[in-house]
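Subject: Structure for your files, with notes

Dear colleague,

I am passing on the structure we spoke about, together with some notes on what I found in it. Please have it open beside you as you read.

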Amino acid sequence: AWGKHQDWWEQFWQRSTVKISGTPEAERVTRAYELQRYLNACQSRGRFPIKFNGGLFTVAHQDEGWGPDYRLWGGSYWIQNGRLSYWPMLMDGDFDLMLPFFDLYWRNLPLA
């Protein structure tokens, strides 16, 4: 399993690259691209798609009794918000990461 995991990540990072250099600001753009792509990959390899309102991370609301890892904020997947996480994947070639998004709607098509 560990070998497959390592192979997957190695192939993932070979699929798409954006390297901007020249100024510190340009290098921050490259770093932001890499971090966002990494987060999308971490969130998109399960059965369910990325949640639009925080993904892996939520915001702490101590005054309401929530901690920074609160997960009971709802089971709804709203296409108008969720789709925004998936547009960059088209250009990155990360089509496999889009499957949970499409599968959610495919599995629920009989309800429509």
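How are helix 1 and helix 2 oriented to each other? Before I come to that, please bear in mind that this is a predicted model. The axes of helix 1 and helix 2, the latter covering residues 24-43, come within 12 Å and cross at roughly 135°. Helix 1 and helix 2 are therefore oblique to each other, and the crossing in which helix 1 passes helix 2 is right-handed. The residues of this contact divide into 7 nonpolar, no polar and 3 charged. On the side of helix 1 they are Trp8, Trp9, Phe12, Trp13 and Arg15, which meet Glu34, Arg37, Tyr38, Ala41 and Cys42 in helix 2.

As for the overall layout, the protein chain has 5 helices and 0 strands, so that reading along the sequence gives the pattern α-α-α-α-α. Of its 112 residues, 25% count as buried. Among the contacts in the chain with a separation of 6 or more, 54% are accounted for by residues 24 or more positions apart.

The largest nonpolar core has 10 residues, namely Trp8, Trp9, Phe12, Ala41, Ile50, Tyr86, Met89, Leu97, Met98 and Phe101. Helix 1 (2-15) and helix 5 (95-107) each supply at least two residues of this core. One of the core residues, Ile50, touches Asn40, Gln43, Ser44, Gly55, Tyr77, Ser85, Tyr86 and Met89, when residues up to four places away in sequence are not counted.

Tyr77, which appears in that list of Ile50 contacts, is found in the loop between helix 2 and helix 3 (79-82). Is Tyr77 buried or exposed? Neither word quite fits, since its relative accessibility is 26% and Tyr77 therefore counts as partly exposed. Not counting residues up to four places away in sequence, Tyr77 touches Phe48, Pro49, Ile50, Lys51, Leu104 and Tyr105. The C-alpha atoms of Tyr77 and Phe101 are separated by 9.4 Å, with the two residues 24 apart along the chain.

The last residue I would point out is Asp92, whose place is in helix 4 (residues 87-92). Asp92 has a relative accessible area of 10% and is therefore buried, the cut-off for that term being under 20%. Leaving aside neighbours within four places in sequence, Asp92 is in contact with Arg15, Ser16, Tyr33 and Arg37; of these, Arg15 and Arg37 also take part in the contact of helix 1 with helix 2. Although Asp92 and Arg15 are 77 residues apart along the chain, their C-alpha atoms are separated by 7.1 Å.

With best regards

Notes. Residues are numbered from 1 along each chain as its sequence is written. This is a predicted model: local features need pLDDT of at least 70, side-chain atom pairs count only at pLDDT 80 or more; totals for chains, interfaces and linings use all residues. Side-chain values use heavy atoms; hydrogens and water are left out. A nonpolar core is a set of buried Ala, Val, Leu, Ile, Met, Phe, Trp, Tyr and Cys residues joined through side-chain atoms within 4.5 Å. Buried means under 20% relative accessible area, exposed over 50%, partly exposed in between (1.4 Å probe, protein chains only). Helices (H or I, at least four residues) and strands (E, at least two) are DSSP runs, numbered from the N terminus. Contact means heavy atoms within 4.5 Å. Axes are lines fitted to C-alpha atoms, for helices over the stretch in contact, and angles run from 0 to 180 degrees between N-to-C directions. Angles under 35 degrees count as roughly parallel, over 145 as roughly antiparallel, 65 to 115 as roughly perpendicular and the rest as oblique. A crossing is left-handed if the near helix is turned anticlockwise from the far one by less than a right angle, and right-handed if clockwise. Ala, Val, Leu, Ile, Met, Phe, Trp, Tyr, Cys and Pro count as nonpolar, Asp, Glu, Lys and Arg as charged, and the others, Gly among them, as polar.
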